[in-house]
Amino acid sequence: MKAYVAMGVAALACSTGAWAQSSVTVFGFIEAQVGRQTQDAPGVKLFDMGGSRLGFKGEEDMGGGLKASFYLEHRLNPDDGTVGGGSTFWKGGSWVGLSSEGLGSVKLGRWWSQSFLKSQYASDPFGMGTLGEASYPTVGCAPQFGNNLPGHAAGAPGSAGCLGAFWVNNSVTYENSFGGFSFGAQYGFEVQPKHPINFGVSYSDGPLYLGAGYEAHNDGSSSEKWTSLAANYDFGVAKAYVGYGTGRDAADVSRKNTIVGATVPMGQSQFIVSYDIQDNGGVRIQQLLSLGYKYFLSKRTNVFAVLANDTKAPAGTNKSGYALGVFHSF
């Protein structure tokens, strides 16, 4: 349940002399699963791949179609209460912005890559939150997220990390929607000598969704780029997903990803399947088949199970994985 907290004092609208309306929403979810991950060191553990979070967002209606808003989203590790995803406290976003009816919105700060939002996220039936998606290859990431790729020396250009970005720091983001179309573009000031750029566009019409995205220079180099396409269609009895990504890293080595999958609802249950492959420099580095099951105890709570097998997992790591977990949103 989302909690709405009335602001104690609202800004005075000078043009009308009326008090503007303002509100803050508290939101988030906690997800935890027990099992073992593919392409990870052997052993069973408690982990969180969904990115458990606590967020705050607010909006002030200033009249005439103009609104001011802010967004803060913290990530946390539910197993021990530490900050999730390293030392970045507001990992999921931290921005302030203005929006206008018909003219769209402008956000200043840290926000999701528009290529990720419009394309990459939409291509994954697991929603990039469980064992099924493993190493985020739809974003051009290497197996064992953030570690070195086969065939690259540690620390070499292009040896680690992702070609695409989840979030971009110190960025200016523009978003707008009209009809079934949605568009976003983003420019980052942080990385040198090349500044990160990305854009995404999507079209939604009933059961059909199409998305495309392009991003470049996320590591500051001129070679790094990632292009992605996504499509899904809801047939009612099942929803089909298709995604494709291609790009080059800072060392000008090619990387490609293809994913197909489906979700099948059955009463309070949902079955999920995906097949995900990734190539690096013409070499297959991931070939992941994932099967999942969710049972919805309510609209906000579900329990789930996932089985996964990656035939290209490096020696000494898990080729197969499994997880049992609980998800609760608020």
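User: How much area does the protein chain expose, and what share of it do carbon and sulfur atoms supply?
Analyst: This is a predicted model. Its protein chain exposes about 15400 Å². The share supplied by carbon and sulfur atoms is 63%.

User: What percentage of the residues in the protein chain is buried?
Analyst: A residue counts as buried under 20% relative accessible area. The protein chain has 330 residues. Of these, the buried share is 46%.

User: How many helices and strands does the secondary structure comprise?
Analyst: Strands number 18 in the protein chain. Helix content comes to a single element. The tally is one helix and 18 strands.

User: Of the contacts with a separation of 6 or more, what share joins residues 24 or more positions apart?
Analyst: A contact here needs heavy atoms within 4.5 Å. Among contacts in the protein chain with a separation of 6 or more, the pairs 24 or more positions apart account for 48%.

User: In which sense do strands E15 and E16 pair, and over how many bridges?
Analyst: E15 covers residues 269-280 and E16 covers residues 283-296. Within this pairing, tyrosine 275 stands opposite leucine 289 of E16. The sense is antiparallel, over twelve bridges.

User: Which residue in the turn between E15 and E16 has a positive phi?
Analyst: The two strands form a hairpin, with two residues between them. One residue in that turn has a phi of about 60°. That residue is glycine 281.

User: Which residue in E17 is the bridge partner of leucine 291?
Analyst: E17 spans residues 301-310 and pairs with E16 in the antiparallel sense over nine bridges. E16 and E17 form a hairpin with four residues between them. The partner of leucine 291 is leucine 307.

User: How many salt bridges does the model count?
Analyst: The criterion is a side-chain nitrogen of Lys or Arg within 4 Å of a carboxyl oxygen of Asp or Glu. One such pair is aspartate 40 with lysine 45, whose closest N and O atoms are 2.7 Å apart. The count is nine.

User: Is lysine 45 buried or partly exposed?
Analyst: Buried would require a relative accessible area under 20%, and exposed one over 50%. Lysine 45 has 36%. It is therefore partly exposed.

User: How many residues apart in sequence are the parts tied together by glutamate 175 and lysine 107?
Analyst: The two side chains meet in a salt bridge at 2.5 Å, N to O. Glutamate 175 lies in strand E8 (residues 167-178), and lysine 107 lies in strand E7 (residues 104-112). The pair therefore ties together parts whose separation in sequence is 68 residues.

User: Why does lysine 107 count as buried?
Analyst: The cut-off for buried is under 20% relative accessible area. Its salt-bridge partner, glutamate 175, also counts as buried, at 15%. Lysine 107 counts as buried because its relative accessibility is 10%.

User: With which side chain does the side chain of glutamate 175 make a polar contact?
Analyst: Glutamate 175 touches several residues beyond four places away in sequence, including Trp111, Leu117 and Phe183. The polar contact is at 3.4 Å. The partner is glutamine 114.

User: Which residue meets arginine 284 in a salt bridge?
Analyst: Arginine 284 is partly exposed, with a relative accessible area of 31%. The N to O distance in its salt bridge is 2.3 Å. The partner is aspartate 279.

User: Which residues are joined into one network by salt bridges that share partners?
Analyst: Shared partners link these salt bridges into one network. The members are Arg53, Glu73 and Arg75.

How values were computed
Residues numbered from 1 in each chain as written. Predicted model: local features only at pLDDT ≥ 70, side-chain atom pairs only at ≥ 80, totals over all residues. Heavy atoms only, no water. Buried < 20%, exposed > 50% of the residue type's maximum accessible area, 1.4 Å probe, protein only. Areas by Shrake-Rupley, 256 points an atom, 1.4 Å probe, with all protein chains shown as cover. Pairing = 2+ DSSP bridges. Polar contact = N/O pair within 3.5 Å; in protein donor to acceptor, adjacent residues only side chain to side chain.
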